[in-house]
Amino acid sequence: MAENKLGKGLGALFGDFALDDELTPINEPVKHTTKQTESTETNTDDGVQQIAIAMIDNNINQPRKVFNQDDLRELAESIRTYGVIQPILITPVGNRFMIVAGERRWRAARMAGLVEIPAIIKKFNQKQIAEIAIIENLQRADLNDMELALGIKKLMDEHKLTQEKVAERLSKPRSTIANTLRLLSLPAEVQQFISRKELSLGHAIRLLGVNDQQKQINLARRAVDENLSVRALG
């Protein structure tokens with residue numbers, strides 16, 4: 001249980017795709033002139049460093065604005081017991097650092113009373129940071145299908161990505177990306193049912209096969225009221 005709460009690491013964040021030239025970070029070690037007593041930076045063989053939590057700032061442009069406090073407390077308790085198993089990803093900004101990925105772990109580590117947190121330091125430009133932040137947000141397990149659809153559209157619009165590129169970045173089949181985006185064409189009331197998880201993606205795909213929007217709404221209401229399965233809806 002603790003392992004799941006601590007996440008699947010940077011591999012799960014970036015999926016199996018190789019970073020292309022546009023998103024390739026600078027991999028050489030970042031040199032810091034800050035005193036050891038201030039940054040409490042410690043190098044390790046695998047590139048992970050222990051960085052003082054007080055030297056790290058969150059990304060104010062992070063797409064995820066709300067962090068469930070109960071989940072944070074549960075993760076903090078796990079961190080007290082097992083430590084931070086997966087490092088966060090940070091980038092240098094002046095004499096400080098900014099989180100690129102892993103803000104939830106950083107918040108929970110602070111809540112757990114940690115002074116340092118394991119981190120990987122890489123240089124990214126603002127475009128790269130914004131894209132990685134959206135990708136991290138899309139990898140959250142608790143996203144509903146409508147949030148995923150809106151996030152994919154944001155990623156495509158802001159970073160000029162095709163469905164194929166998004167599929168690579170999220171390690172998902174292109175058909176899944178295409179079907180998820182189709183949810184945005186459903187009536188607002190139906191989208192609300194999906195957001196509240198009263199209708200599944202399977203229900204939504206069945207409804208997308210109905211041409212009339214009012215019929216889609218009527219069928220969606222019936223599915224929710226009568227708790228119909230996808231098969232029964234068809």
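**Note on the helices and nonpolar cores**

1. At the start of α6, a side-chain oxygen of N125 comes to within 3.1 Å of the backbone nitrogen of K127. This is a predicted model, and the points below should be read accordingly.

2. Helix α6 covers residues 126-138, and at 1.5 Å a residue its 13 residues should span 18 Å, which agrees with the 19 Å that separates its end C-alpha atoms. Ten of the 13 residues of α6 are buried, so this helix is largely enclosed by the rest of the structure. The buried positions are Q128, I129, E131, I132, A133, I134, I135, E136, N137 and L138, a list in which charged and polar names such as E131, E136 and N137 stand beside isoleucines.

3. H159 belongs to helix α7, which runs over residues 145-159. Is H159 buried or exposed? Its relative accessibility is 6%, and therefore H159 counts as buried. Once its neighbours within four places in sequence are left aside, H159 is in contact with K127, A130, E131, I134 and K154; of these contacts, E131 and I134 are themselves among the buried residues of α6.

4. In helix α10 (residues 188-195), the buried residues are V190, Q191, F193 and I194. They cover an arc of only 155° around the axis, which means that they lie on the same side of α10. As general background, an α-helix has 3.6 residues a turn, so residues three or four places apart point the same way. The buried residues of α10 pack against α7, α11 (201-208) and α12 (213-225), and just after α10 a positive phi of about 60° is taken by K197.

5. Which residues have the most contacts inside the largest nonpolar core? They are I56, I88, I90 and I117, in a core that has 22 residues. At least two residues of this core are supplied by each of β2 (49-52), α4 (69-82), β4 (88-93), β5 (96-101), α5 (103-111) and β6 (116-121), and the largest share, four residues, comes from α4.

6. For I88, again leaving aside neighbours within four places in sequence, the contacts are with I56, I99, A101, G102, R105, W106, I117, P118, A119 and I120. A second core, separate from the one described above, has 15 residues and includes I194, L208, A223 and L228; I194 is also one of the buried residues of α10.

Technical notes:
Residues are numbered from 1 along each chain as its sequence is written. This is a predicted model: local features need pLDDT of at least 70, side-chain atom pairs count only at pLDDT 80 or more; totals for chains, interfaces and linings use all residues. Side-chain values use heavy atoms; hydrogens and water are left out. Buried means under 20% relative accessible area, exposed over 50%, partly exposed in between (1.4 Å probe, protein chains only). Contact means heavy atoms within 4.5 Å. The arc is that of the directions from the helix axis to the C-beta atoms. A nonpolar core is a set of buried Ala, Val, Leu, Ile, Met, Phe, Trp, Tyr and Cys residues joined through side-chain atoms within 4.5 Å. The expected span of a helix is 1.5 Å times one less than its number of residues. A polar contact is a pair of N or O atoms within 3.5 Å; within protein, one must be able to donate a hydrogen and the other to accept it, and residues adjacent in sequence count only if both atoms are side-chain atoms.
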